[in-house]
Amino acid sequence: MKKLRPGALSAYFNKRAIVLFLLLSTSLVVVFAYKFWREDTSEGCVTCHGNKELMEKVGYPYMYTTNEIVQKESKHPNVQCRDCHLGDGRTLNSKKAHKGMLKAILVTEKGGVAERGKYYDGPILQTGNNKIFDLLPKVSENNQLYVSDEVRNLLWHDRDLNTFNFDPEIAKKTCSKSNCHPQELKQFKKSIMGRNYRQRYMKTWTKPYGPHNCGPSFADLPPIEELNGAGFDYKNTEEIIKDLNVPFTKEQAEVKQKFCNICHAGCLDCHYTPSREEGVHSFKKTPTPESCSGFGRGTSICHPGALQARRGETYIGGDYSIPFGMKPDVHYKKGINCVDCHPTGKAGMGDIERNANCGDCHMEIEDAHANSIHKKLDCATCHIEELGGYQLTVWGPGTVSKKPNPFKKYSLYYGIQKPPIIVKDQKGIWRPYKIWPHSVGNIKNPVLPSPALQYRWPEGQTKDAYFIVGTFDGLPQNNNHLLWIQFDQASHPYGKARNCNSCHESKTQVSESTWEFFDNYGAEPFTGKHNIVADSESLRITDLENTSPIVLLEGANMSDFASWVYLKDKWKATGDFSINIDYEKYKKYLSISTEINNLLQSTNIDALSLKTQKQFKAIKGIALHNEDEGLQEINRFYTKTGLHLEKSGLIEQNKQ
């Protein structure tokens, strides 16, 4: 037998091990490379959609695109179709390619998802002459375009098809891929916006912080620390059912929740901006005011719901206001984006700074205001003249998703209230509030009135408040009715300051509200009005009446949508809501203010040098926000510049 040299056997096996290792490694590389190619390639997409003749032949010429076009429009270098749309980018079989593909979601009035081809015969781009409905499908009647009455909303493809919630799992496969925006998604899932924390915090009609215009979280996820799903949860549903004297099913809770979920944002709501100018794949790194307002996808998505309808505000004005045609905020006219004043906070994406600081831009005015007689007034107190949106809200039986539901929200009492009532917040700062009466029927047990005005977040996270009036019987249907008055802080639209007399003419505040009801259920459109009166004893709704006849629709009950007909004088919040006026002091400062305005208006600013014009504008800002300092600053300015200062006697009077 031949003897082996020492080490020969181990060398033989080492060589075999190396060969086996290389073969195994190569196999794994091939398998993973194939998997990557199969799942991540978009060659099949481009082969079809990059062929213009083929797209025309199959009847979808507007679906023609190329990698170069998409990358240019989206401003995402090297992005592929599958990065955003998923599907199978390897196959040339259209059914296989589009299986599991993400696409825009058309929400119907029945709460379902419609086929795009039924409503669009081209790309989803702007049509019609009402900007807030720009992207919704239209029908043509008498040469006019109208929004289809079958479609309720348009959502982008980062939503769950069953609940319409933003789905972090979809975002994880698309926006948050390892080479895209993984950190941004992690941040967003922990933000107030991403978690939809404040809405999900509302468990029942009265808990934990009182009834709300938006209603409770009917069947949504609980308010957790980090968003980890997009489904339904029925814990709140069970508690809501216990509080009712009529049936309420999980199915009814689901359809309510689905329409609530539409309003709340995901990644694409802020950053996807398809347009005729920039293309169907256009993205914006910095959200525009239009994006914050739903980007032409209706009045119940993003801030049109909370800002325009509920708070009665508008930033863009025009079509982006309720009712249409309100004046835009002065900052919007200057080209200032929402995020310029409400930037991203320390926690990153989605951590939007709720409280804007006017002093970031208006430093001299901020300093003058802080030392003035109005130092306990928020800037918006003087600079908002009217508020729109809902003027009444009644929750009652009706149809939701075309099916019976005890919680139909009759909120389309659209109108204007002016001037806004001002109320002290948690820290004693006067602010303008949108104030309007609410009711919800069929509450089982009596609810006691609030002892005083209740702030939803006592530590100041928001300035919103409410006052529970109590529960009331005696209506033809839907007893007991829970009544409350909602106080939502208003911050837009900024414009010229209110007239001094609007606050100081009387200690009693009065705001006049005029409105029109035009819901699809309940009654034919009709008009009405009421007053909001605030004095030293209470804040109350008075003179509530319809100013045109109420014609009921078939099967409707008055108490379903207009419980106020039977409860006109019930909305009353006890407390001191008056403005304490020292009339002698007011007379003095009104005289000074009038003189300051006369002096400023008499100056021909066009005759000044650019440098002096800039100085004059700064002095003007100080003078209008602090009468005492203003007279002195004007005196110094006119003396320094050699301009003529008319003798008024007030400068000397102020020195004394």
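**Exercise 1. The chain as a whole**

What does the accessible surface of the protein chain come to, and what share of it belongs to carbon and sulfur atoms?

*Solution.* The model under study is predicted. The accessible surface of the protein chain comes to about 34300 Å², and 54% of that area belongs to carbon and sulfur atoms. As a next step, consider burial: the protein chain has 656 residues, of which 46% count as buried. The C-alpha atoms fill a box of roughly 125 × 75 × 65 Å along the principal axes. The secondary structure of the chain consists of 26 helices and 17 strands. Finally, among contacts between residues at least 6 apart in sequence, 64% join residues at least 24 apart.

**Exercise 2. A three-stranded sheet**

Determine the strand order of the open sheet that contains strand 1, and explain which strands stand at its edges.

*Solution.* Begin with the order, which is 2-1-5, with antiparallel pairing. Strand 2 (113-114) and strand 5 (151-155) each have a single partner strand, so one side of each lacks a neighbour in the sheet and these two strands are the edges. Next, examine one pairing in detail: strand 1 (residues 105-108) and strand 5 are joined by four bridges, and leucine 106 stands opposite leucine 154 of strand 5. Helix 13 (residues 250-262) packs on this sheet, where it touches strand 1 and strand 5. The direction of helix 13 makes about 50° with that of strand 5.

**Exercise 3. Nonpolar cores**

Identify the residues with the most contacts inside the largest nonpolar core, and the element that gives the most to this core.

*Solution.* The largest nonpolar core has 35 residues, and Phe487, Leu539 and Trp564 have the most contacts inside it. Several elements give two or more residues to this core, including strand 13 (481-489), strand 16 (538-546) and helix 22 (558-561). Strand 12 gives the most, with four residues. Leucine 539 may then be taken as an example: leaving aside residues up to four places away in sequence, its contacts include Ile435, Phe487, Val533, Trp571 and Phe577. Apart from this core lies another, of 18 residues, among them Leu244, Trp395, Phe407 and Leu482.

**Exercise 4. Helix 24**

Check the length of helix 24 (residues 610-625) against its expected span, and state what its buried residues pack against.

*Solution.* At 1.5 Å a residue, the 16 residues of helix 24 should span 22 Å. The end C-alpha atoms are 23 Å apart, which agrees. Next, list the buried residues: Thr612, Gln613, Phe616, Ile619, Gly621, Ile622 and Ala623. These buried residues pack against helix 19 (363-370), helix 23 (583-601) and helix 25 (627-641).

How values were computed
Residues numbered from 1 in each chain as written. Predicted model: local features only at pLDDT ≥ 70, side-chain atom pairs only at ≥ 80, totals over all residues. Heavy atoms only, no water. Pairing = 2+ DSSP bridges. Contact = heavy atoms within 4.5 Å. Axes fitted to C-alpha atoms, helices over the stretch in contact; angles between N-to-C directions. Core = buried A, V, L, I, M, F, W, Y, C linked by side-chain atoms within 4.5 Å. Buried < 20%, exposed > 50% of the residue type's maximum accessible area, 1.4 Å probe, protein only. Expected span 1.5 Å × (residues − 1). Areas by Shrake-Rupley, 256 points an atom, 1.4 Å probe, with all protein chains shown as cover.
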